[in-house]
Structure formats: C-alpha cells, structure tokens
Amino acid sequence: MLRRPRRNRKSPVIRELVQENFLSLSDLIYPMFVMEGQGVRSEITSMPGVARFSLDLLLEEMQECVDLGLRTFALFPNLPESKKDKYATESHNPAGLYLQAVKAIKTRFPEIALMTDVAMDPYSSDGHDGIVEESANGFEVVNDETLVVLAKMAVAQARAGADIIGPSDMMDGRIGYIREALDKEGFTNVSIMAYTAKYAGAFYGPFRDALDSAPRFGDKKTYQMNPANSREALIEAELDYAEGADFLMVKPAMVYLDIIKLLSDNFDLPIAAYNVSGEYAMVKAAAANGWLDGERAMLEILTAMKRAGAKIILTYFAKEVAQLRKKA
C-alpha cells in the first residue's frame with residue numbers, strides 16, 4: 001500500500017503536527033450571570049459549576065477568570081419580578097443592576113471585551129423577547145414596536161461601556177435598527193454580534209432557570225427558527241450582513257453544526273456558536289453518572305464547533321477549559 005493514513009497518527013507529536021483545528025482560549029466567550037444583593041453566590045442546580053453572582057462577587061469571579069487567560073465575557077441579568085413590566089423599562093434604566101454591572105466591569109477590567117444581551121425577556125413580565133399584545137389568536141409578539149425598546153437597550157449598554165452588543169431577540173430588522181441607533185449616538189465602534197440563526201429548540205431550559213425568564217404563556221416559535229430548517233438560516237444571515245452585523249451567531253451549537261458550516265461557507269464575517277445551557281447540562285449530567293469522560297467530551301464538542309467553522313464559541317465550559325490549559 002502506498003497510502004497509509006495511520007503513518008500520520010503514529011505518535012502524539014505527529015498527530016499534533018498534522019492536526020487541522022485547535023481550540024484556543026482566545027476563541028471563547030464566557031457567559032456569566034449577575035443578580036441583586038451583596039456577597040451572594042447562587043448555584044444554578046441545572047447547570048453544575050455555574051452560578052449567579054451579586055456584583056461584588058461577580059467581579060471577584062471575573063478576576064479569577066482573567067487570571068486564567070479568559071478575555072471575553074457575555075453578561076446576563078437575573079432580576080426580581082418586581083423589576084419586570086410589559087415594556088421592559090428596567091432594561092434601559094442607567095441606575096439598574098445590569099447597566100451598573102456593565103459599567104463596573106469595564107471600569108475594573110478595561111482590557112477585556114464585554115458582550116451584552118439585547119432582548120426583553122429578562123426584564124419582561126411576559127417572559128417574551130418582545131412586546132406582547134392581544135390578537136385574534138390570543139397574543140402576538142409585535143415586531144416593529146419592539147425594535148424601539150431594543151434600540152434604547154442597546155444604546156444604554158453602549159453608553160455603560162459594552163464592547164459588543166448581542167441582540168438575541170430574533171425580531172425582523174433589529175440589526176439595522178440598532179446599528180442606526182448606535183451610530184446616531186456616536187457609538188460607531190461598538191460591534192454587533194447578531195443571533196442570526198437562533199432556533200426554537202429544547203436546549204434552553206437551564207438558562208431560563210438561571211434568569212427566571214421562561215415565557216409566562218405560549219412559546220417563542222413565531223420569532224425563533226424552526227429546528228427543521230437550514231436554508232432559512234441563509235435568509236437571516238443575508239439580512240443581518242446587509243444590516244451591519246459584525247458577527248453572525250448560530251444558537252444552539254452542538255446539534256446545529258451543519259448550520260455553522262453553512263454560514264461559514266457562505267459569509268466572510270466571523271461565525272459564532274453558542275454552546276447553550278442544555279448542551280452543557282447534558283455533558284455534566286452524563287459525566288456525574290460515570291457514563292462518559294466529561295473533560296474529553298467537553299473538548300471534543302468544542303473542537304467540533306471549530307471544525308464546523310466557528311471562529312468564536314460562547315460556552316459555560318470556558319473557565320474549565322482555561323483551568324485545564326493552566327494545568328498543562
């Protein structure tokens with residue numbers, strides 16, 4: 001035999017020499033959760049190893065992550081019901097928890113990149129990503145009226161110090177609307193990472209536990225994508241690209257590797273993958289039961305996302321990966 005592929009697998013040195021894809025800490029964004037209070041660390045039962053932090057402890061936790069080599073973070077708020085209303089007014093309150101946290105993080109860590117979340121559900125008494133109005137079908141999440149709230153939220157986050165705005169709502173036209181609002185206020189250098197192909201899947205449960213942001217009624221299928229569709233992702237990506245997005249994201253990631261590759265093959269923008277809470281929880285649960293090697297599974301999953309074409313991965317495994325790298 002002239003061709004023996006096993007020759008390129010015969011030793012660790014040779015295998016690394018010919019390895020096609022590498023996972024780096026610079027590829028990772030670490031999602032973190034902030035909540036009200038002082039000295040509070042609240043473990044998220046459905047996400048072992050992940051917690052909500054009051055701002056004082058969040059800054060300490062972030063310092064530990066920075067010391068491990070992580071440089072990019074995504075922040076999400078857990079708010080009490082008393083702060084929620086139909087129009088998510090707390091989302092652009094400069095004195096509110098979230099915007100004060102953004103400001104404090106960028107003051108303490110000016111060198112890191114901070115991504116913020118633009119969607120109404122953490123602040124909405126309805127638990128939806130947009131304004132809910134009555135309709136002939138019972139209720140409707142209205143699109144254009146929601147854009148006004150999203151733009152206020154994005155500008156307030158940029159003013160507080162956000163480096164990357166992450167619209168996760170899936171309203172039509174929101175990237176262009178937010179880009180115009182940011183530019184009008186002078187935030188031309190603030191990036192937008194569009195949640196371009198965000199699917200109405202079954203893997204968000206632990207995240208909604210973390211934020212207590214599940215819909216109070218109905219579901220999100222009228223604005224998030226059908227898991228059965230792939231070509232539709234190209235339509236969403238073309239719109240986001242044309243409207244000024246700087247990054248295109250696929251969410252979830254693990255069971256949508258084909259969508260990551262589809263966008264990577266068709267667009268020159270960096271593609272991000274969100275390794276969501278349910279995907280994280282599955283690995284942790286299986287590892288806790290001894291059914292698989294959690295560390296190996298984690299690295300294999302994240303490498304698969306890189307192999308599919310993701311340049312950026314949002315993952316709750318980020319700190320664990322950083323700890324492994326430091327041990328190596």
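**Close-up views of a predicted model**

**View 1. Helix α2 spans residues 55-68 of this predicted model.** Counting along α2 gives 14 residues, and from its first C-alpha to its last the helix reaches 20 Å. That is close to the 20 Å expected at 1.5 Å a residue. Just after α2 comes Gly-69, with a positive phi near 110 degrees.

**View 2. Several residues of α2 are buried.** Which ones should you look for? They are Leu-58, Leu-59, Glu-61, Met-62, Cys-65, Val-66 and Leu-68. These buried residues pack against the strands β1 (28-35), β2, β3 and β4 (72-78), and also against the helices α3 (97-108) and α11 (318-327).

**View 3. Phe-73 belongs to the largest nonpolar core.** This core holds 113 residues, and those with the most contacts inside it are Phe-73, Leu-182 and Met-193. Helix α4 (residues 144-160) gives the most to the core, with ten residues. Now follow the contacts of Phe-73, leaving aside residues up to four places away in sequence. Phe-73 touches Met-62, Cys-65 and Val-66, which are also among the buried residues of α2. Its other partners are Ile-29, Tyr-30, Met-32, Ile-112, Ala-113, Leu-114 and Met-115.

**View 4. Thr-45 sits in a loop.** Find Thr-45 between β2 (41-43) and β3 (51-54). Is Thr-45 buried or exposed? Its relative accessible area is 77%, and exposed means over 50%, so Thr-45 counts as exposed. Now look for Asp-209, which lies 164 residues from Thr-45 along the chain. In space, the C-alpha atoms of Thr-45 and Asp-209 are separated by 8.6 Å.

Key. Residues numbered from 1 in each chain as written. Predicted model: local features only at pLDDT ≥ 70, side-chain atom pairs only at ≥ 80, totals over all residues. Heavy atoms only, no water. Core = buried A, V, L, I, M, F, W, Y, C linked by side-chain atoms within 4.5 Å. Buried < 20%, exposed > 50% of the residue type's maximum accessible area, 1.4 Å probe, protein only. Helix = DSSP H or I, 4+ residues; strand = E, 2+ residues; numbered from the N terminus. Contact = heavy atoms within 4.5 Å. Expected span 1.5 Å × (residues − 1).
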